[in-house]
Amino acid sequence: GGAVSGVVLGMESYEKVVFEKDGVFLHTSAKRQQDQDSLIPGIIRIIEKASDVVVQWMPVDEIGDAPQIVYSKKESPGSVACRSEEDLYDPGYEPDWAVISTVGSRSRASEEPPAPAVKPGQRGKWAFSLSLSELKSVRKNKPGLGWSYLIFMTKDGVSIQALHFHHGGTRALLKALSKYVILATSPKDSRLYLVYSHDSYALSHSFDELQLFDENSSHLVSRFLQDPYSATFGSFSKVTNFFRGALKPHEGTLQRPLSEVAPGLEDEPGFEVITCQADLGVRPSVQRQAAVTEQEWENHVDADGRVSGVEELKKRVFAGGVSPGLRKDVWKFLLGYFPWESTFEERKVLLRRKTDEYFRMKLQWKSVSEDQEKRNSLLRGYRSLIERDVSRTDRNNKFYEGSSNPGLVLLNDVLMTYCMFNFDLGYVQGMSDLLSPILYVMQNEVDAFWCFSAFMELVHHNFEESQEGMKRQLLQLGLLLRVLDPALCDFLDAKESGTLCFCFRWLLIWFKREFSFPDVLQLWEVLWTGLPGLNFHLLVACGILDSERDALMSSDYGFNEILKHINELTMRMSVQDVLCRAEALHRQLTACQDLPLNVQEVLGLAKVKSPTHSTESDSSPQPLSPSQTQELELTDSVSPSQPDSSIEILPTEDTATPQSLSP
């Protein structure tokens, strides 16, 4: 490490050194073969001044002329004892910030111009002292390629020569900088960190006021970087000024009306196309219908078990949902676990195969010894995350309450087995929220696993590390809202809330934490029909915002108050009202004769022009087709391993569809 505390005694002021690292070489030449004269050893410091914070680099042969340093550490920063694993491999600043930093419009100005040529001279001429208020960006090297280096760029466009950390320390420096500024990953380059300022007092005051964290609220930066999903679930919907800089469009980002876009040209990623010119007409009135009854369902199932009139049946599910007693059967078809045209016998064969496959995968992690797990950090990490999340998922639901509840065991087992099924994705926080209602309905771990896996096929992009799926959905949501309610969009933009960051959790786990448990069951089965078209879940979000527009716009709310208001809607909304609004909005848009093409593409009303703008990878509510389901089938059958916990949970009065939770 290199962080030290000390004081600098200057001629006229008292300054504090909060970070220092030696072994930092300034490379005056960009050539691959460095000659000795082009490598200047030096020390980098972060210095707190009375009214400013600066980052300073000085060559070592000039240090003698510098003010005296009083160290509070026993060991010198460059000693062998201070070196850590970071010196061997320094990946630099963790890019988890991209979860939210790249939601806003992309700025072309974020690209760095080439470094200006500087004539060589005495070593002291290379020294610099840069105020953090003048710092625009920091670029780091690709991990594992030679020495770790950083390049600082000022707001005036001046790029300082690369600083190479021969003893490591880039991560420590960037963490030290993050105490004074916000470092956000550029949407164009994961190695480029854009610098934003924030008022640290206002930040702490806002967090204390909203009680975002029980303790150590001042450590939100590092906590978010280490565990972005935890911070997202715990407080993202109540986030305050801290996120404003990272989420708002960068300076210089342009917005242009649709009329200014040349026909036939694809929209540049740096622009948000404003599409508020369409005449939407009068919004129709929509009423929800009664749920599909058991008699209706039986009328669609023939003597062999095939389901007929599927499209008609889906329309009924979309319009009214499914009776609670039918969900266990109907959901398997809606999610593509059972093909609609399959017979009773074919489904029995499929179930045997799926049971074999499930327990084979379950045995893979159950048979790992403690000694093996000590050398498997990935599996150990997944187990720890899952155990933590299971212990706090829907514990107020009778199906999961209590410390020795079998429902908790199955929740854990299914999630662990999913890690074996999908090694690439593994487990990410939030998945337990998606599994919980499915396991509650199925009351069977095998059925729950395969239905959950099918659900994850729809939403897996939400959980990928790049967060491209989430960023795309937030941009699409903003596009829809701009067409539906430009006045609300203008209001949110004026309050620096136009990025719709408060909708992140809504889309990530399909409103699981926004509605009551019974309402979530109905909402999901409606979305699983894939009707009335692509991305209906985005219109559900628009419906929620539409229901709150008057409350928001008639108030004097600022950024903080808007986020707090939206967060307080949790468990206070009616899914029936929101679905009526969402369907009405969809009818209004589809009836529009001059609906912009990009909006048509989001709703699936027009084909996307190029694969780069394809929405097929969206987490849109499209159920798996029977052919996709068949691809999942096991080609050979093996005997299932003896399950360690019961496949079936027999209903009891206490756990099966409790009165307080029955939809």
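Arg482 is buried in this predicted model, with a relative accessible area of 3%, which falls under the 20% that marks a buried residue. The residue belongs to helix H16, which spans residues 468-484, and its charged side chain has polar partners: the side chain of Arg482 makes one polar contact with the side chain of Asp490 at 2.8 Å, and another with the side chain of Asp493 at 2.7 Å.

Burial can also be followed along a whole helix. In helix H8, residues 310-320, 8 of the 11 residues are buried, so this helix is largely enclosed by the rest of the structure. The buried residues of H8 are Val310, Leu313, Lys314, Arg316, Val317, Phe318, Ala319 and Gly320. The elements that cover them include helix H7 (294-299) and helix H9 (327-334), together with helix H19 (517-528), helix H20 (536-553) and helix H22 (575-590). After H8 comes Gly321, whose phi is positive, near 80 degrees.

A further view of the packing comes from a pair of helices. The axes of helix H10 (residues 344-366) and helix H15 (residues 445-459) come within 10 Å and cross at roughly 90 degrees, and the two helices are therefore roughly perpendicular to each other. On the H10 side, the contact is made by Leu351, Lys354, Thr355, Glu357, Tyr358, Phe359, Met361 and Lys362, while H15 contributes Glu445, Val446, Asp447, Phe449 and Trp450. Sorted by class, this contact of H10 with H15 has 7 nonpolar, 1 polar and 5 charged residues.

Key: Residues are numbered from 1 along each chain as its sequence is written. This is a predicted model: local features need pLDDT of at least 70, side-chain atom pairs count only at pLDDT 80 or more; totals for chains, interfaces and linings use all residues. Side-chain values use heavy atoms; hydrogens and water are left out. Axes are lines fitted to C-alpha atoms, for helices over the stretch in contact, and angles run from 0 to 180 degrees between N-to-C directions. Helices (H or I, at least four residues) and strands (E, at least two) are DSSP runs, numbered from the N terminus. Angles under 35 degrees count as roughly parallel, over 145 as roughly antiparallel, 65 to 115 as roughly perpendicular and the rest as oblique. Contact means heavy atoms within 4.5 Å. Buried means under 20% relative accessible area, exposed over 50%, partly exposed in between (1.4 Å probe, protein chains only). A polar contact is a pair of N or O atoms within 3.5 Å; within protein, one must be able to donate a hydrogen and the other to accept it, and residues adjacent in sequence count only if both atoms are side-chain atoms.
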